[in-house]
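Work through the exercises below with the sequence and the 3D view open. Try each task before reading its solution.

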Amino acid sequence: MPTRTDLTDALLALIPEDGSRVSNAELRAELLDLADEPFSDEEFEAAKDHVVAMGEAEKARGPGGGLKAPGVSPPPRAASPAGNGRSRRNGNGVAPSPQPSIAPGTTAASVLTGELRNQIDRIWDAFWSGGIANPLEVLEQLTYLLFIRRLDELETLEERKAQRTGQPMTRRLFPEGEDVHKRPYEQLRWSRFKHLAAGEMFALVGESVFPFLRTLGSDGSAYASHMKDARFTIPTAELLAKVVDLLDAVPMADRDTKGDIYEYMLGKLATAGTNGQFRTPRHIIELMVAMTEPVPTDVMADPACGTCGFPVAVGEYLRKHNPEIFSDPQLREHFNHGLFHGFDFDNTMLRIGAMNMLLHGVENPAVSYRDSLSEDGATEENRYTLILANPPFAGSLDYESTSAKLQRVVKTKKTELLFMALFLQLLKPGGRAAVIVPDGVLFGSSKAHKELRRTLVEEHFLEGVVSLPSGVFRPYAGVSTAILLFTKTGRGGTDQVWFYDMTADGWSLDDKRNPLLPLEKLGPVPKEALVEGEHEKNNLPDCLARWRQRKDSERERERTAQSFCVPKEEIAAQGYDLSLNRYKELVHEEVEHRPPLEILAELRAIEQEILQGIEELEGMLR
């Protein structure tokens, strides 16, 4: 039976580079999304055998079979949690404290002092031992409490302003009078209820504070609108009192510290297990932002924003490189009310994302509920100058629920292709994008795949393709991905496409994702310069430096280098295949072997020595 090329190409992209095994069941599940058409068991086995025969993989042992990288020892297995996924408790009825860990790319971990990190860890430990083990629920409850504390801080600022000017308060967040429980609204402020006894505080927060939060949506801010569904799920008065005391001790006066603390909390989603899909590694986000070089007048969007990692990183980039935005009233207004846009269809993530933006100093970003691919969601056109995104992929949608506009661009059910069509629709002419896509987008042979790539190359300006290591999104996904960098023109413009083969991102590519270098040497712009030998552990600074030379010295590089440029004509001749391995040239070292007759003569001499030894032993035994 002839081997199907699309199955072979897809299998090559699924094999982890760190020696981890991918079982047959996992391979089948991934191939169902990557393959052009259904495949039989015989075709699946033939494709596996072909990949093994090519020397690109070896068959893995153990239950479930599968494949692994050839000649690479698998990483050590992490200890499995006891039980069957249920909450574990010790003999005293208290859950064991989770070990604090640093999430991949959480540069905030290197900024916060050990004392601050310990304070946050103690808050999470309190939730864990108090009966809330779901990290997403912990973060949601902390988000509500931080918002309540923020409201009190804003009210205090208004009061001080009124005292200085002798004028009445222009904006009163906590109205005069009482609520339905006959409690003065003034009593709902953080600075007031934090001194109450545990039972009284618990009743006030559950009966009055959270209902008050749900009424704030009328002021039109992103935060208030996302609090309309706020639910109080802290189970006991003792846990609430303990968390309020611990949270009150965390300093929140400085914007940088606020943002770093919340980033550290978000990092716990990435290390907790099931919710890591909501978080793109911070260092990858920072690389994409640095490569697109945002400016203060940009209008950026992330149509699958999650916890708003991309908008936050753009804000931090502008604060560092364009400090004039805060001295220019027009730029400051645009920064706070018109620059950032994020969409998601998970209200919990929208609440967390809005709080993330608030604590990073953005007053009112447009973070809103939207199914970006639906008929109602994909309505905007030619609006944004910058798109940064890591959209969900390996999924499918029904034609009926998908925007007809997107289907006219690329007729498919695959979400990764539909999001690419959406990006082109949302961008203004001249707008640029850096987005993460699965490798199947680069080489898929279906009509939809080819047409999308042809559109990028021929009708717009495709600038770069960065191949990411397959372990970047571990432990949640092992599929290989890439960053596509392009500009919407509608009139072409692609001349040479720059390719970069990233083999290391600074973190181990196994499920543990431990840092390979000191935190000061991680990320695309490390605080300390890398020395010889460290580039092999962190390719990001080199990737950024070479990207900036893509129109100059990079065009002279050989195809054997880690980065190189390929002319548009060659890409078109290859069916618009954008996989790096299609164009990379491999250098095979010449190995000299001894003549076979010499090896045979040596074997014969060894054989004679063995026979002589046997004869001597026989002589001793007689």
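**Exercise 1.** Is Cys308 buried or exposed?

Solution. The model is a predicted one, in which local features need pLDDT of at least 70, side-chain atom pairs count only at pLDDT 80 or more, and totals for chains, interfaces and linings use all residues. Residues are numbered from 1 along each chain as its sequence is written, and side-chain values use heavy atoms, with hydrogens and water left out. Apply the cut-offs: buried means under 20% relative accessible area, exposed means over 50%, and partly exposed lies in between (1.4 Å probe, protein chains only). Cys308 has 0% relative accessibility, so Cys308 is buried.

**Exercise 2.** Find out why Cys305 has no bond to Cys308.

Solution. A disulfide is a pair of cysteine sulfur atoms within 2.5 Å. The closest cysteine sulfur to that of Cys305 belongs to Cys308 and is 4.2 Å away, which is too far for a bond. Cys308 is likewise in no disulfide. The structure as a whole holds zero disulfides. Cys305 is also buried, at 5% relative accessibility.

**Exercise 3.** Describe how Lys48 and Glu45 are placed in their helix.

Solution. Start with the contact: a salt bridge is a side-chain nitrogen of Lys or Arg within 4 Å of a carboxyl oxygen of Asp or Glu. Between Lys48 and Glu45 the closest N and O atoms are 3.6 Å apart, and the two residues form a salt bridge. Next, the position: helices (H or I, at least four residues) and strands (E, at least two) are DSSP runs, numbered from the N terminus. Both residues sit in helix α3 (residues 41-53), three residues apart, so about one helical turn separates them. Finally, the accessibility: Lys48 is buried at 4%, whereas Glu45 is partly exposed at 30%.

**Exercise 4.** Carry out the same steps for Arg454 and Glu451.

Solution. Their side chains meet in a salt bridge, 3.0 Å from N to O. Arg454 and Glu451 are three residues apart in helix α19 (residues 447-459), which means a separation of about one helical turn. Arg454 is partly exposed at 24%, and Glu451 is partly exposed at 32%.

**Exercise 5.** Which residue is the bridge partner of Asp344 in β5?

Solution. Two strands pair if DSSP finds at least two bridges between them. Strand β4 (residues 340-344) and strand β5 (residues 366-369) are joined by four bridges and run parallel. The partner of Asp344 in β5 is Tyr369.
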